[in-house]
2 protein chains.
Amino acid sequence: MLIDPKSSIPIFRQIADQLRQSIFDGVFKAGEILPSLRQFAVDIKVNPNTIQRAYETLEREGIVETRRGVGVFVANSSIAKLNASQKKLKSALDGVIAQAVKDGLTPDKIRHTFEFAMREYLAEVV
Amino acid sequence: MLIDPKSSIPIFRQIADQLRQSIFDGVFKAGEILPSLRQFAVDIKVNPNTIQRAYETLEREGIVETRRGVGVFVANSSIAKLNASQKKLKSALDGVIAQAVKDGLTPDKIRHTFEFAMREYLAEVV
DNA sequence: CAAACTGCATTAGTACACTAATGCATGGAG
DNA sequence: CTCCATGCATTAGTGTACTAATGCAGTTTG
């Protein structure tokens, strides 16, 4: 795993992102145990708390499950389905982003429009 | 204009977002002058620097143009075209988001997938 | 020129996100 | 039970984004 401490992207997020991708790619399979906080921390040379934060992030997303005193495991719950949904979303977004760039929109504008659309949607639902 | 100082969204961004929308909605027309820093600041009870920050944001997006000592104006440059592109993007995103929600993806996951797609796209281009 | 308006630059204070150091609590192996 | 592994909680330090206070610089109008 590659971590860039100088990046503006927080370390815990870099870890969470790469782990999430690894799980979706099948590197870690459902039910499998993930590296312990301390072991993982030593491996990639960060503080155990930072690993913990990454695991927490993935737990909130339902991707992993924690058993205190034992370890952190890849969740058995419909990972494959989530994978399919997320891949579908990713594919759709790729197309939309490419078209937007072609239309001359800057990344900032695309991001803003996305956030605007998200907020609007959530406001409607809630 | 409604500003919520307690919001987690920075004040300058709230202002920029609402101004951008107003311009796209035709409330401020191309070439028209916007309120001065100080006047605007008094109106919505924030510091002039915060208004400045909002104007800077819109200037970087090409939506407004600044003439020092004079004022800030709605850019003459192809606002209508940008408007159309952005509306097109917004419409596409609305569809994608609705489908993603229907597929059971949470807002957090959708946001993450979007950011992932954006970074990937930018990385390719750069 | 001078006054009165513009936007801009510098500096400082505040809040918060991030990371790390350290110790506590839980669970399994012997 | 005891040991050693696990994850969790608390606290503190650091950097950075945001906001505000204040003064500087440019432009117009009389």
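Helix 5 (107–125) of chain B gives the largest share of the lining of the largest pocket, seven residues. Before I go on, this is a predicted model, in which local features need pLDDT of at least 70 and side-chain atom pairs count only at pLDDT 80 or more, while totals for chains, interfaces and linings use all residues. Residues are numbered from 1 along each chain as its sequence is written, chains are lettered from A and ligands numbered from 1 in the order in which they are written, and side-chain values use heavy atoms, with hydrogens and water left out.

Back to the pocket. A pocket here is an open set of points on a 1 Å grid over the protein atoms alone, where a 1.4 Å probe fits, with protein on both sides within 12 Å along at least five of seven lines; lining residues have an atom within 4 Å of a point. The volume of the largest one is about 930 Å³, taken as the space filled by probe spheres set on the points, with grid points joined across faces, edges and corners. Its lining has 31 residues, and R111(A), F114(A), E115(A), R111(B) and E115(B) are nearest the centre. At least two lining residues each come from helices 1, 3 and 5 of chain A and helices 1, 3 and 5 of chain B. Helices (H or I, at least four residues) and strands (E, at least two) are DSSP runs, numbered from the N terminus. What classes of residue make up the lining? There are 22 charged, five polar and four nonpolar residues. Asp, Glu, Lys and Arg count as charged, Ala, Val, Leu, Ile, Met, Phe, Trp, Tyr, Cys and Pro as nonpolar, and the others, Gly among them, as polar.

Next, the DNA. DNA strand D is surrounded by 21 residues, with R38(A), Q52(A), I11(B), N47(B) and N49(B) the closest; near means that a heavy atom of the residue lies within 4 Å. Of the strand D atoms within 4 Å of the protein, 67% are sugar or phosphate and the rest belong to bases. For polar contacts I use pairs of N or O atoms within 3.5 Å. The side chain of N49(A) puts an N or O atom 3.0 Å from a base nitrogen of strand D, and for the side chain of R68(A) the distance to a base nitrogen of strand D is 3.2 Å. On the phosphate side, a side-chain N or O atom of T50(B) is 3.0 Å from a phosphate oxygen of strand D. Helix 3 of chain B contributes the largest share of this surface, three residues.

DNA strand C also has 21 residues around it, and the closest are I11(A), N47(A), N49(A), R38(B) and Q52(B). The backbone of N47(A) has an N or O atom 3.0 Å from a phosphate oxygen of strand C. A polar side-chain atom of R68(B) is 3.2 Å from a base nitrogen of strand C, and one of R68(A) is 3.2 Å from a sugar or linking oxygen of strand C. Here helix 3 of chain A gives the most, three residues.

Last, the hairpin in chain B. Strand 1 (residues 64–67) and strand 2 pair in the antiparallel sense over four bridges, where pairing requires at least two DSSP bridges. One bridge joins T66(B) to V72(B). Three residues separate the strands, and G69(B) in the turn has a positive phi of about 80°. Is strand 2 covered on one face or both? Both: G71(B) and F73(B) on one side and V72(B) and V74(B) on the other are all buried, that is, under 20% relative accessible area with a 1.4 Å probe, protein chains only.

Definitions and conventions:
A polar contact is a pair of N or O atoms within 3.5 Å; within protein, one must be able to donate a hydrogen and the other to accept it, and residues adjacent in sequence count only if both atoms are side-chain atoms. Buried means under 20% relative accessible area, exposed over 50%, partly exposed in between (1.4 Å probe, protein chains only).
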